[in-house]
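Reader: I should be grateful for a close examination of a single residue, followed by an account of the chain around that residue. Please keep the description to what can be computed from the coordinates.

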Amino acid sequence: MGPQSTPDLSTEASPLSLSTVAVVGLGTMGTGIAEVLTRAGREVIGIDTDEAAARHAVTALETATARAVRRERITERERQDILARFRTFTDLQAAADADLVIEVVPEDYELKRQVFAGLDAVVRPDTILATGTNALSVTRLAADSQRPERVLGVHFFNPAPAMKLVEVVSSVLTAPTAVAAVTELAHALGKDPIAVGDRPGFVADGLLFGYLNQAAAMYESKYATREDIDAAMRLGCGLPMGPLALLDLIGVDTARTVLEAMYAESQDRLHAPAPILGQLAEAGLTGRKAGRGFYTYDAPGSATVVPDAESPADADELAGGRTVTGVGVAGSGTMASGIAEVFAKAGYKVVLAARSLEKAEKAKARIAKSLGRSVDKGRMSAEARDTALAAITPAGSLDAFADVDLAVEAVAEDLAVKQELFTTLDKVCKPGAVLATTTSSLPVVACARATSRPEDVIGMHFFNPAPAMKLVEVVRTVLTADDVHATVRAVCAKVRKHPVDCGDRAGFIVNALLFPYLNNAIKMVEEHYASLDDIDAAMKLGGGYPMGPFELLDVVGLDVSLAIEKVLHAEFRDPGLAPAPLLEHLVAAGCLGRKTGRGFREYARR
């Protein structure tokens, strides 16, 4: 067939009709995409050289549609129509009548190239060819195709029927009409498509996999246990899964492939696959599909985690700790009052000390309002509120901490201020009292060295708002005594918080993993790869994040975010951790987020 028979896709007047779609590769993703298409009224040609995979795809569709009938989402007649629209074959020749072919075979370039070469020989000249890759070059696949203008990427997220995001990926060779047709199809499928250029990972995985890689490296360095890393990111950031559990779900080998492709392009050390990923992959411990990865599962393909040699032993949290009945909280801001509320509700006697009695009384009034809201919402009784409030004694001086068993400082994130406060606590607090800092970015040991009893000093990093957030990062220095650590873990249990253990280094667990991800999102905008809105949508719809990175940055405060980025960069000396210039420029301009009415976005003034 000569060149004159090839339609000029770039000048088509309207998007092409994509009523018949072939899906090549009927694994988990291919089967999910086939279900989405058939339920949206498309004729679907499923192709897989493995007959067992084809049969499994049919069974999966039968099961999913039967479940939908039971839940009264579709009728039995509609179910039969859906099943009739799905036919399976073992040869690419079956794609001859397709308007669109979506390839979702394993992430191996040569395999995908062979599929595209086979399709070139059988499909119509105007058929659009889409690759489902998230790591390999769409441009290279297009260039090796006979008609590169009709080749693009269409990246669904797993599970395809549930996840709303679809990334539509153009190469420099892709015709705009092909992009328009696939984008229109995505909308018709009830998805939210975003248009992106061709680079490894695209938007969602481009941000996600760097974060997953750092989590794997954190685990490999024995900085924190797998359970604590995963709990920290679920409870501290509201993520649906911890990073190591997510790596097991994605597949350790798949993650390594994506990271290798990202590193080859970016040369950013944050994308260089952590050695543990290669070790697990080479050993065949690829995650859930193998029955073992970072965790051990009761069977290959199962989601049920079973105990193994790394599972934490059931320990008595109270063993070896000091007795705590009275707690002192230093500070008068939102965090200090929130922490005081947490302790008071748990039955502790609380001294809330500020720079003046008036400030301390205002902080207690803020607690009264918070507890009142809980009563109004039926979360606590009026009697419990009154008991908690009665347990809080406001004070205008740290001298009131003379009899407390645990002193918690929640003052400004300034090392000189905190060191001065710890020097005072050392003089005021009785021998044996535990002294804790709530710092999120400063070295705990520097606070400890400001006292004559560094063994009594520990970090207790609460998350804001303290009454609602379940996580506390328990930060031991090299000088912290074992019984101090045991005491704080026991206190966390009593106040119904989930403690995670970590060492005294910048960012601890959560911020060390969260802020490089946020910084990389800013770099993505700086490079004009994607818009704020598309990046936020990608992470919420494709990653299950409660907030997009720019929404979160504006809430946290750009000045706070920049300070944390600088601390991480100074500690780890990794060029990839250097704060994005755009973040520095916005802070210099006084655009600090919601609190100033403008950050990455503008907000109505209250």
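Author: What follows treats one lysine and then the chain as a whole. The model is a predicted one. The residue chosen is K418, which lies in helix 15, a helix formed by residues 415-428. K418 has a relative accessibility of 0% and therefore counts as buried, the cut-off for that class being under 20%. Which residues is K418 in contact with, once its neighbours within four places in sequence are left aside? They are E409, V411, A412, E413, T437, T439, L442 and C447.

The wider setting may now be described. The secondary structure of the chain comprises 22 helices and 18 strands. Its radius of gyration is 28 Å, close to the 25 Å that the globule rule gives for 606 residues, so the chain is as compact as a globular protein of that length. The C-alpha trace spans about 90 × 50 × 50 Å along its principal axes.

Burial, the state found for K418, applies to 52% of the 606 residues in the chain. Of the contacts in the chain with a separation of 6 or more, 69% are between residues 24 or more positions apart. The exposed area of the chain is about 25900 Å², and 52% of that area is supplied by carbon and sulfur atoms. As for charge, the chain holds 63 positive and 78 negative charges, and the mean positions of these two sets are 7 Å apart.

Definitions and conventions: Residues numbered from 1 in each chain as written. Predicted model: local features only at pLDDT ≥ 70, side-chain atom pairs only at ≥ 80, totals over all residues. Heavy atoms only, no water. Helix = DSSP H or I, 4+ residues; strand = E, 2+ residues; numbered from the N terminus. Buried < 20%, exposed > 50% of the residue type's maximum accessible area, 1.4 Å probe, protein only. Contact = heavy atoms within 4.5 Å. Rg over C-alpha atoms; globule rule 2.2 N^0.38 Å. Areas by Shrake-Rupley, 256 points an atom, 1.4 Å probe, with all protein chains shown as cover. Lys, Arg positive; Asp, Glu negative; His and termini not counted. Charge placed at Lys NZ, Arg CZ, Asp CG, Glu CD.
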